[in-house]
There are 2 protein chains.
Amino acid sequence: MEEIVVSAPGKVILHGEHSVVYGKVAVASSLNLRCYLRLVPNDDGLISLDLPNVDVHQQWSVDRLRTELMSKIHIQGDSSSEPVPPCDEVMKVLKQFADIGTTVLLQSAGKISTPMSSAQGCGDVETVGWSDTERALINQWAFVGEKIIHGQPSGIDNSISALGGAIRFQKKQITPVEKMPSLRVLLTNTKVPRSTKTLVASVGDRYKKYTAVMSPVLDAMEGVAEKCLQVYADLQSNTGSSDAYTQLEELIDINQSLLGAIGVGHATLDKIVLTTARYGLHTKLTGAGGGGCTYTLLRPDVKADTVNKVCQELRQAGFDCWETSIGGPGVLFHSNPSSDSSIPCQLFA
Amino acid sequence: MEEIVVSAPGKVILHGEHSVVYGKVAVASSLNLRCYLRLVPNDDGLISLDLPNVDVHQQWSVDRLRTELMSKIHIQGDSSSEPVPPCDEVMKVLKQFADIGTTVLLQSAGKISTPMSSAQGCGDVETVGWSDTERALINQWAFVGEKIIHGQPSGIDNSISALGGAIRFQKKQITPVEKMPSLRVLLTNTKVPRSTKTLVASVGDRYKKYTAVMSPVLDAMEGVAEKCLQVYADLQSNTGSSDAYTQLEELIDINQSLLGAIGVGHATLDKIVLTTARYGLHTKLTGAGGGGCTYTLLRPDVKADTVNKVCQELRQAGFDCWETSIGGPGVLFHSNPSSDSSIPCQLFA
């Protein structure tokens, strides 16, 4: 048994955050910012988990895991078995094992039990990656992890990380977006902590208080999501009007205003919107809002110098920001990690 | 014949600008910022028009006005006669007379022919002002002036200036708002010039381009206007919930966001919104947007010191601002101008 390196993309909600809770269409996409996991075999009878970026370092006895935990979770190691969320009893045992929170453990467990034999290396992944069935199974296991953390997860996060590209999501139905262009974006983190649950509840309160106002605002948000899907398809098939990027920019502005109208704006978000606007760039929050992250669309012709300047200004204002792109591959098996330049060397430290 | 002083209030659109063009409800109100006109008889055979605040100083021969203009306009001096907009031929003559633009001349003409015999002084106006019929006639004449300037005026401006208080406007129907509280506001002028016509056209373009998005946004704007009318009525009759002012603030914020979504925001408007927000105050643009003016709601308990500070900061940013209130009387006849302290002494300079 050799060491194994896998990676999965981060995710960004392009349009439809919050309105998705009310049955409207949302569009989410993978990001070319990836999370890497290196699995190294050893014979010390321990499973060691090291997540240096989030400062998590844990060890568990394999024997204890086998006898006290894995037997109850019923992971058969059979790729055809249906993933089942743990029952209450197992959850208790899990919590005893994992004082780091059940999230990391369960997601790791999901990855450990993943069938990887037919996986291909990074360079070829777009054509000869895992089979659809295998990806679907990975997705199912990731969803189990999500269920344990969230309670009622949408399924968007695990689907994007497993499948890559973009998805259209509505009323629990996830549909891959067939024609998704790769788009350059600037991702900015306000570093303002927020609770998704609290923000969703506050939108709910506003919806009850001003239903005749909020209901059409949610319809307008769906209109934005649907229109963007059209523009993406046009861009991808080169049938778009010459102002396709202008349209995406206008729709980003409109969506950001609508998110303000439902009350999930924040002074830091306004600051980022106004700062990027001075460079002719268009920004919206992504996710729950009230802080959190934004994305800024970068047209193909935006110069590196412009991006550097805006990033510098945003960093001076105390934000983190990265230039990246959306629409990259889902979970990847890196068959030749030592010569794979996409893998951060930190992983081998 | 003695000298005569009349005044009429300025106007603010509270909610529904732009959406009113699409048949949605708008709410407008008088302001306690008034325009004063002093008519002084003389025997020099000239009509002199002095508007010092806008630097207009003109004179016309009464004989020429009688022979070349007034005979064609058919102003009979009879209070029961129906005002009629001038025909194309008269418009030509008007333009020859008035190189200051036809607006001022026609509105003055309207005022000169107004029956004032039954008018009462300022102090009593709320109970014994002009009769409804007389006010309606003033309103009709003002509307004639509006038609000449605008082409297709809504009738809101002349109605507010003539009738005072607040009105509900929808599809050319003007309904006085019976239960309108007096509300303290801060009025701020960005001093950014804008063309109402251009802004209305740009909203029209966006409506055509993104109908599925814009149509519900306009519905949401109507929802805001209707909800505010409810809250005004509650406030006026003291049946409102304890958070009536909070509701008005939230609805102002929502409306401002929606106006952003239809594309009539401006960096100066954002600046005013953010500045007043730091004092816990809520602001929206009023009118066409893209610059122009804003109003900021001042709850009854906002202290003079706070208002002074926010005004100072806004003035330092280059804006003009005035504290005033909305919901005051319409056109007034000041029966005893020399002892009427409401009249600016500038009028007698």
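This report walks through a predicted model of chains A and B, from confidence to interface to a few single residues.

## Ground rules

Residues are numbered from 1 along each chain as its sequence is written, and chains are lettered from A in the order in which they are written. In this predicted model local features need pLDDT of at least 70, side-chain atom pairs count only at pLDDT 80 or more, and totals for chains, interfaces and linings use all residues, while side-chain values use heavy atoms, with hydrogens and water left out.

## How far to trust the model

Let's begin with confidence. Chain A has an average pLDDT (the predictor's confidence in each residue, from 0 to 100) of 84, and 86% of its residues score at least 70. For the complex, the predictor reports an ipTM of 0.82 and a pTM of 0.83.

Confidence in chain A peaks in strand β8 (residues 282–286), with a mean of 98, and is lowest in helix α4 (residues 125–128), with a mean of 36. Helices (H or I, at least four residues) and strands (E, at least two) are DSSP runs, numbered from the N terminus. Two stretches of chain A stay under a pLDDT of 50: residues 100–113, with 29 contacts beyond four places in sequence, and residues 115–128, with 26 such contacts. A contact here means heavy atoms within 4.5 Å. Where pLDDT is low, the predicted coordinates should not be read in detail.

## Two copies and their axis

A turn of 179° with a shift of 0.0 Å along the axis lays chain A on chain B with an RMSD of 0.1 Å. The superposition is by least squares on the C-alpha atoms of residues with pLDDT of at least 70 in both copies. This is the relation of a two-fold axis. The same surface serves both copies, as 100% of the contact residues of chain A recur in chain B.

## The interface

In the interface, 24 residues of chain A are in contact with 24 residues of chain B. Together the chains bury about 1900 Å², with 69% of that on carbon and sulfur atoms; buried area is the accessible area (1.4 Å probe) that two parts lose on being put together, summed over both. On the chain A side, A:Y210, A:V213 and A:I254 lose the most area to chain B, together 28% of what that side buries.

Now for the polar side of the story. There are four salt bridges between chain A and chain B, each a side-chain nitrogen of Lys or Arg within 4 Å of a carboxyl oxygen of Asp or Glu. One salt bridge joins A:K209 to B:D243, with the closest N and O atoms 3.4 Å apart. Helices α7 (196–209), α8 (211–236), α9 (244–261) and α10 (267–277) of chain A each supply at least two residues of the side that touches chain B. The largest share of that side, 10 residues, comes from α8(A).

## Three residues worth a look

A:K171 has a phi near 45°, a positive value in a residue other than glycine, and lies in the loop between β5 (166–170) and β6 (173–176) of chain A. A:K171 is exposed, with a relative accessible area of 62%. B:H18 also has a positive phi, near 70°, and sits in the loop between β1 (4–15) and β2 (26–39) of chain B. At 5% relative accessibility, B:H18 counts as buried. The cut-offs are under 20% relative accessible area for buried and over 50% for exposed, with partly exposed in between (1.4 Å probe, protein chains only).

A:T275 lies in helix α10 of chain A and is buried, at 6% relative accessibility. Not counting residues up to four places away in sequence, A:T275 touches A:E313 and A:L314.
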